[in-house]
Amino acid sequence: MVTVVGAGVFGAWTAWHLHQAGMRVKLVDAYGAGNSRASSGGESRVFRMGYGAREHFTRWSVRSLPLWRELCSLSGEEIFLPCGAMWLHPEGDLFARQSVEALTAHGVEHEALAPGELSSRFPQMRCGASHAIYEPHAGALMARRAVQVLVRWLVAHGVVFEQRQIRSDEPIDGPVVYACGPWLPRLFPELLGNRIVPTRQEVLFFGVPAGSGDFGAERMPCWVDVGSQYYGIPDLESRGFKIALDKRGPVIDPDSESRTVSTEVVEKVREYLAERFPALASAPLVETRVCQYENTSNGDYLLDRHPERENVWLAGGGSGHGFKHGPMVGKYMAGLILGTMPVDARYSLQTKLDCGVGTVASSL
Ligand SMILES: Cc1cc2nc3c(=O)[nH]c(=O)nc-3n(C[C@H](O)[C@H](O)[C@H](O)COP(=O)(O)OP(=O)(O)OC[C@H]3O[C@@H](n4cnc5c(N)ncnc54)[C@H](O)[C@@H]3O)c2cc1C
């Protein structure tokens, strides 16, 4: 029996791959799959393939997508919405050039949009002199629902689920994977206290104009504005136009943190909306969320064996961009445990340096 502690996106997909390999699996979560405190508990997440020079993430996006689609067809749920994803960037941007190289190398369909073209395709955005890379087959994942659907499927197929808080020193027979997101540094303070830093991230949803489909997934892709670091997701399932800033907030305690957004952030976002999306300048704020990134020093995930405990494995460090890669994280972890996957040093503990909040990598 393999025990997976944490039923977020990393733990649930690890359980899936272990189960597919014929292992008996127990999945344990203190607060429930995709709960409101978990990093996977948000409404939606961007699924993109472009990652600048970090081609290994483009590769994992390409390989994760068929597994997300498989989950959609197994469950009959619309978990992935292929509304596309778009990067707004200044002319000659290095990140954009490197993304195009990786997308081309992996055969990912994409278009480079010049300012005039951008404005005529997406007139609801005021794009100024921005250029864009548009990935028509990218889109959005319904995050919380995806995790809950996956866990329900696992339970229906023999995986044992238990709602319980597990201590890191609890004796457990057989392999145990701690996929505890922002709780990992607290469970293993000496090892991970400074290697994974959870930061507070605020997410806002604005009501779209009555009777207008301009901000829905039919007419708007997910988007990232490289210069300002704002990003957004269209009005999915009529929950509002989602917008957030990708800059790291203060360090967060995932158990006790207040989940109320600050008025300062609301005001800043409104200024940005007025500039980029004038029709939403005075849109009502209809929902908010406070979530956390689990940052590593270089933005690569931590997927490794515990250095002193033979049967203990660690999966975390999603760094604000890990949701989309859940299927490949799970595949890699299951492969490590079963001894069928070559180790990639990039995901090792050794490559995770001590990081202060100021030194963590960006999600982009
Ligand atoms: C605002 C925001 C926006 C993001 N945007 C994107 C995006 O657009 N695209 C993208 O790909 N990614 C995005 N991410 C990142 C992504 O959501 C995370 O990387 C991912 O969800 C991390 O999943 P996880 O399974 O590691 O952690 P979690 O989802 O936090 O799961 C950990 C689980 O462990 C459980 N747990 C903890 N301790 C214990 C214990 N002792 N015993 C039992 N259970 C325990 C918790 O209850 C929790 O359910 C974003 C994150 C945030 C916060």
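**Exercise 1. Place H306 in this predicted model: find which residues H306 contacts beyond its neighbours within four places in sequence, and decide whether H306 is buried, exposed or partly exposed.**

Solution.
- Step 1. Set aside the neighbours within four places in sequence; H306 then contacts V312, W313 and L314.
- Step 2. Locate the residue. H306 sits in the loop between β16 (302–305) and β17 (312–316).
- Step 3. Count C-beta neighbours inside 10 Å. H306 has 16.
- Step 4. Apply the cut-offs. Buried needs 20 or more, and exposed needs 12 or fewer. H306 is therefore partly exposed, because its count is 16.
- Step 5. Check one distance. C291 is 15 residues from H306 in sequence, and their C-alpha atoms are 27 Å apart in space.

**Exercise 2. Work out how helices α2 and α9 are oriented to each other, and which residues make the contact.**

Solution.
- Step 1. Take the two helices: α2 covers residues 55–75 and α9 covers residues 326–338.
- Step 2. Fit the axes. They come within 7 Å and cross at roughly 100°.
- Step 3. Classify the angle. The range 65 to 115 degrees counts as roughly perpendicular, so α2 is roughly perpendicular to α9.
- Step 4. List the contact residues. α2 supplies W60, R63, S64, L67 and W68. α9 supplies G326, P327 and M328.
- Step 5. Sort them by character. Five are nonpolar, two are polar and one is charged.

**Exercise 3. Describe the shell around the ligand: its nearest residues, its contributing elements and its character.**

Solution.
- Step 1. Count the shell. There are 39 residues around the ligand.
- Step 2. Pick out the nearest ones. These are G6, G8, G181, G318 and G322.
- Step 3. Assign elements. At least two shell residues each come from α1 (9–20), β2 (25–29), β3 (45–47), β11 (197–206) and β15 (285–295).
- Step 4. Divide by character. The shell has 20 nonpolar, 16 polar and three charged residues.

**Exercise 4. Decide whether the radius of gyration of the chain agrees with that of a compact globule, then characterise the fold.**

Solution.
- Step 1. Set the expectation. For 364 residues, a compact globule would have a radius of gyration near 21 Å.
- Step 2. Compare. The chain has 20 Å, which agrees.
- Step 3. Take the dimensions. Along the principal axes, the C-alpha atoms fill a box of roughly 60 × 45 × 40 Å.
- Step 4. Check burial. Buried residues are 50% of the 364.
- Step 5. Check contact range. Among contacts with a separation of 6 or more, 77% join residues 24 or more positions apart.
- Step 6. Count the elements. The chain has nine helices and 17 strands.

Conventions. Residues numbered from 1 in each chain as written. Predicted model: local features only at pLDDT ≥ 70, side-chain atom pairs only at ≥ 80, totals over all residues. Helix = DSSP H or I, 4+ residues; strand = E, 2+ residues; numbered from the N terminus. Rg over C-alpha atoms; globule rule 2.2 N^0.38 Å. Contact = placed C-beta atoms within 7 Å. Near = placed C-beta within 6 Å. Nonpolar A, V, L, I, M, F, W, Y, C, P; charged D, E, K, R; others polar. Axes fitted to C-alpha atoms, helices over the stretch in contact; angles between N-to-C directions. Parallel < 35°, antiparallel > 145°, perpendicular 65-115°, else oblique.
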